[in-house]
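I opened my notebook to look up a few things in one structure. Here is what I had on the screen.

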Amino acid sequence: MKRFRRLAAKQPMELCRSLLFAELHLMEQGTALGFLLSFANNVLMLLMFHILFVSRFLQGVSNTWVYLLLGIVQWNLYVNVSLAGFSCMVYRQKIVMGYTFPRELLILARTAAVFVPYFVELFIILCVAQYFHLPITTKYFLLPLMLAAQFLFCAGLCSLFCVIGVLHKNVIPFWNVMFRLISFATPIFYLPGRLGSATANLLYSWNPFTIYMLWIRDIVGANGFPIHFTVWKIAFGSVGVFILGYCSFRLAEGKVGDSL
């Protein structure tokens, strides 16, 4: 707790903000043109998914454009978080080795930098949802909670990936393959449960990426089927993932610095 209180002090927060701005300037989405090109890639994926999968996997879903676009943007968030985590310390090796500061600030800044374009993309999707006349309901009040929970979840993953990216580099190619497989177990372009497989349903229930994807779709009103969320369990689970990732990083912080 003392460590968290020190991180919340003025000087560490200013350093975190400076690192965040530096990360944003170096990202492809850090400029207006870079963001537009990145979002254009999402639109191309949306068109491809709509042509290939809507008639087969999304029958009965009235808001397929919003459904698919939310799935693509959510999945890209997790891909970018994993890449940011693997390269977090390696990318900033000179800063890590040359200065004394709470190194978890790099992780928080890198996670926040990934979230900034995600927020903008999400805002665009909400505008698209209004264009398709999706109703604004009281579930929108849960949007800040969902975003905060997802940020903690992603920061925890980024912390774990940071340790792996330095101490266990050989795991990265294996994780890239596993992440590709997990993408097929995440309902980006189909409805959960439509495949009618008990194994698939088990994968859905244990796949945390599915939970956030369904949650944001439920808030926007584009899920395609009724679903009940245990909101506080998801929120506390996100806190648990963050604590696990943060503690793992703190325990391995010395080895991470020595291995750079």
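My entries follow, grouped by topic.

**Entry: the model.** I noted at the outset that this is a predicted model.

**Entry: aromatic pairs.** How many aromatic pairs are there? I got a count of 23 aromatic pairs. I then looked at one of them, phenylalanine 115 with tyrosine 118. The arrangement of this pair is edge-to-face. The ring centres are 5.4 Å apart, and the planes make an angle of 75°. That angle counts as edge-to-face because the cut-off is over 60 degrees.

Where do phenylalanine 115 and tyrosine 118 sit in the chain? I found both in helix H6, which covers residues 104–131. They are 3 residues apart there, so about one helical turn separates them. I also checked burial: phenylalanine 115 is buried, and tyrosine 118 is buried too.

**Entry: a cluster and a charge.** I looked up which residues form one aromatic cluster. Its members are Trp75, Tyr78, Phe86, Phe153, Phe161, Trp175, Phe179, Phe209 and Tyr212. Next I looked at tyrosine 67. The charged end of arginine 217 sits over the tyrosine 67 ring, 3.5 Å from the ring centre.

**Entry: the second largest pocket.** I read off a volume of about 390 Å³ for the second largest pocket. This pocket is lined by 17 residues. Which of them are closest to the centre? I wrote down Trp75, Val79, Phe179, Arg180 and Ser183. Helices H3 (32–57), H4 (64–91) and H8 (171–184) are the elements that each give two or more residues to this lining. Two names recur from my cluster entry: Trp75 and Phe179 belong to that aromatic cluster, and both are in my list for the pocket centre.

**Entry: helix H6 and what follows.** I counted 28 residues in H6. From first C-alpha to last, H6 reaches 41 Å, close to the expected 40 Å. After H6 comes histidine 133, with a positive phi near 65°. Histidine 133 has this positive phi although it is not a glycine. I placed histidine 133 in the loop between H6 and helix H7 (143–167). Is histidine 133 buried or exposed? Its relative accessibility is 71%, so histidine 133 counts as exposed.

**Entry: helix H11.** This helix runs over residues 231–259 and has 29 residues. I found that H11 reaches 40 Å from its first C-alpha to its last, close to the expected 42 Å. Where does H11 bend? It bends at alanine 252, by about 55°. Ala252 is also one of the buried residues of H11. Others I noted as buried include Phe242, Tyr246, Phe249 and Glu253.

**Entry: three C-alpha distances.** I started with leucine 77, which is in helix H4. Leucine 77 has a relative accessible area of 2%, so I marked it as buried. The C-alpha atoms of leucine 77 and proline 117 are 9.2 Å apart, with their positions 40 residues apart along the chain.

Glycine 98 came next, in helix H5 (residues 93–98). Its relative accessible area is 53%, so glycine 98 is exposed. From glycine 98 to leucine 33, the C-alpha distance is 33 Å, and the two are 65 residues apart along the chain.

Last came histidine 168, in the loop between H7 and H8. At 44% relative accessibility, I marked histidine 168 as partly exposed. Its C-alpha atom is 39 Å from that of histidine 228, 60 residues away along the chain.

Note on methods. Residues numbered from 1 in each chain as written. Predicted model: local features only at pLDDT ≥ 70, side-chain atom pairs only at ≥ 80, totals over all residues. Heavy atoms only, no water. Phe/Tyr/Trp six-rings, centres within 6.5 Å; stacked < 30°, edge-to-face > 60°. Helix = DSSP H or I, 4+ residues; strand = E, 2+ residues; numbered from the N terminus. Buried < 20%, exposed > 50% of the residue type's maximum accessible area, 1.4 Å probe, protein only. Lys NZ or Arg CZ within 6 Å of the ring centre and 35° of its normal. Expected span 1.5 Å × (residues − 1). Bend = angle between axes of the 7 residues up to and from the residue. 1 Å grid on protein atoms, 1.4 Å probe; cavity = no way out; pocket = protein on both sides within 12 Å on 5 of 7 lines; lining within 4 Å. Points joined across faces, edges and corners; volume = space filled by probe spheres on them.
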